[in-house]
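Good morning. I will walk through one protein chain, going from the overall layout to a few details.

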Amino acid sequence: MAKLSADELIEAFKEMTLVELSDFVKKFEEEFDVEAAAPAAVAVAAAPAAAAAEEEKDEFDVILTAAGDKKIGVIKAVRALTSLGLAEAKALVDGAPKAVLEGANKEDAEKAKAELEAAGASVELK
């Protein structure tokens with residue numbers, strides 16, 4: 001069998017479909033007991049994209065993680081931030097961790113977090 005140069009191999013790969021090329025890679029990995037490095041490169045490339053998407057986030061969920069010692073004040077704050085009645089607000093506070101606001105813009109989410117924390121609650125934004 002004649003030895004193929006790297007350029008000849010590249011030309012042969014260009015003529016293959018993606019399925020054929022994928023099968024070739026699998027067989028190559030099995031034959032030589034190696035692993036293609038492309039998945040690691042994809043993971044490294046995806047990390048900055050995920051960080052950029054997180055920075056551009058414009059909708060936040062205000063999550064009540066704990067009511068704290070001043071439960072009545074927290075219930076009042078929840079009622080002021082939402083249209084919930086007394087029983088619903090109490091149930092939300094008792095069931096913490098729960099979302100108080102979902103899909104709020106950054107300004108409203110930070111304002112709600114500050115109000116709930118001032119009332120004695122533990123809050124996080126997601």
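Of the 126 residues in the protein chain, 17% are buried. Keep in mind that this is a predicted model. The secondary structure comes to 6 helices and 3 strands. Read from the N terminus, the elements run α-α-α-β-α-α-β-α-β.

Let me begin with how the helices pack. How do H4 and H5 lie relative to each other? Helix H4 covers residues 71-81 and helix H5 covers residues 86-94. The two pack at an angle of about 120 degrees, and their axes are 9 Å apart. An angle of that kind is neither roughly perpendicular, which ends at 115, nor roughly antiparallel, which begins over 145. H4 and H5 are therefore oblique to each other. As for handedness, H4 passes H5 in a right-handed crossing.

H4 has a second partner, H6. Here the packing angle is about 160 degrees, with the axes 8 Å apart. The cut-off for roughly antiparallel is an angle over 145, and H4 and H6 are therefore roughly antiparallel to each other. This crossing, too, is described as right-handed, with H4 passing H6.

One residue to look at in H6 is Leu116. Is Leu116 buried or exposed? Its relative accessibility is 0%, so Leu116 counts as buried. Now find Val74 on your screen. Leu116 and Val74 are 42 residues apart along the chain, yet their C-alpha atoms are separated by 6.2 Å.

Next, the charged side chains. In general, side chains of opposite charge can pair when their charged atoms come close. How many salt bridges does the structure hold? There are 5 salt bridges, and I will go through some of them.

Take Lys71 and Asp94. Their side chains meet in a salt bridge, at 2.4 Å from N to O. Lys71 lies in helix H4 and Asp94 in helix H5, so this pair ties together parts that are 23 residues apart in sequence. You have already heard about H4 and H5 as a packed pair; this salt bridge is a contact between those helices. How accessible are the two partners? Lys71 has a relative accessible area of 34%, so it is partly exposed. Asp94 is partly exposed as well, with a value of 37%.

A second salt bridge joins Lys113 and Glu117, and their closest N and O atoms are 4.0 Å apart. This one stays within a single helix: both residues lie in H6, residues 106-118. They are 4 residues apart, which is about one turn of the helix. Lys113 counts as partly exposed at 26% relative accessibility. Glu117 also counts as partly exposed, at 38%.

A third salt bridge is formed by the side chains of Lys126 and Glu124, at 3.3 Å from N to O. Glu124 is partly exposed, with a relative accessible area of 32%. Salt bridges can also share partners, and here they join Lys71, Lys90 and Asp94 into one network.

Now to the surface. Which residues make the nonpolar surface patch of about 490 Å²? The patch is made by Met16, Phe24, Val25, Phe28, Phe32 and Val34. Among them, Phe32 lies in helix H2, which spans residues 18-32. Phe32 has a relative accessible area of 51%, and the cut-off for exposed is over 50%, so Phe32 is exposed.

Last, two points about the backbone. As a general rule, most residues other than glycine have a negative phi, and most peptide bonds are trans. Each half of that rule has an exception here.

What is the phi of Asp33? It is near 50 degrees, a positive value in a residue other than glycine. Asp33 sits in the loop between H2 and helix H3, the latter being residues 38-55. Asp33 is exposed, at 71% relative accessible area.

Where is the cis peptide bond? It runs from Ala96 to Pro97, with omega near 10 degrees. Pro97 lies in the loop between H5 and strand S2, which is 98-104.

To put the pieces side by side: H4 packs against H5 at about 120 degrees and against H6 at about 160 degrees. Lys71 in H4 and Asp94 in H5 are linked by a salt bridge. Please rotate the model and find these places for yourselves.

Conventions. Residues numbered from 1 in each chain as written. Predicted model: local features only at pLDDT ≥ 70, side-chain atom pairs only at ≥ 80, totals over all residues. Heavy atoms only, no water. Patch = residues over 30% accessible without salt bridge, like charges linked within 9 Å, V, L, I, M, F, W, Y side chains within 5 Å. Areas by Shrake-Rupley, 256 points an atom, 1.4 Å probe, with all protein chains shown as cover. Buried < 20%, exposed > 50% of the residue type's maximum accessible area, 1.4 Å probe, protein only. Axes fitted to C-alpha atoms, helices over the stretch in contact; angles between N-to-C directions. Parallel < 35°, antiparallel > 145°, perpendicular 65-115°, else oblique. Left-handed = near helix turned anticlockwise from the far one by under 90°.
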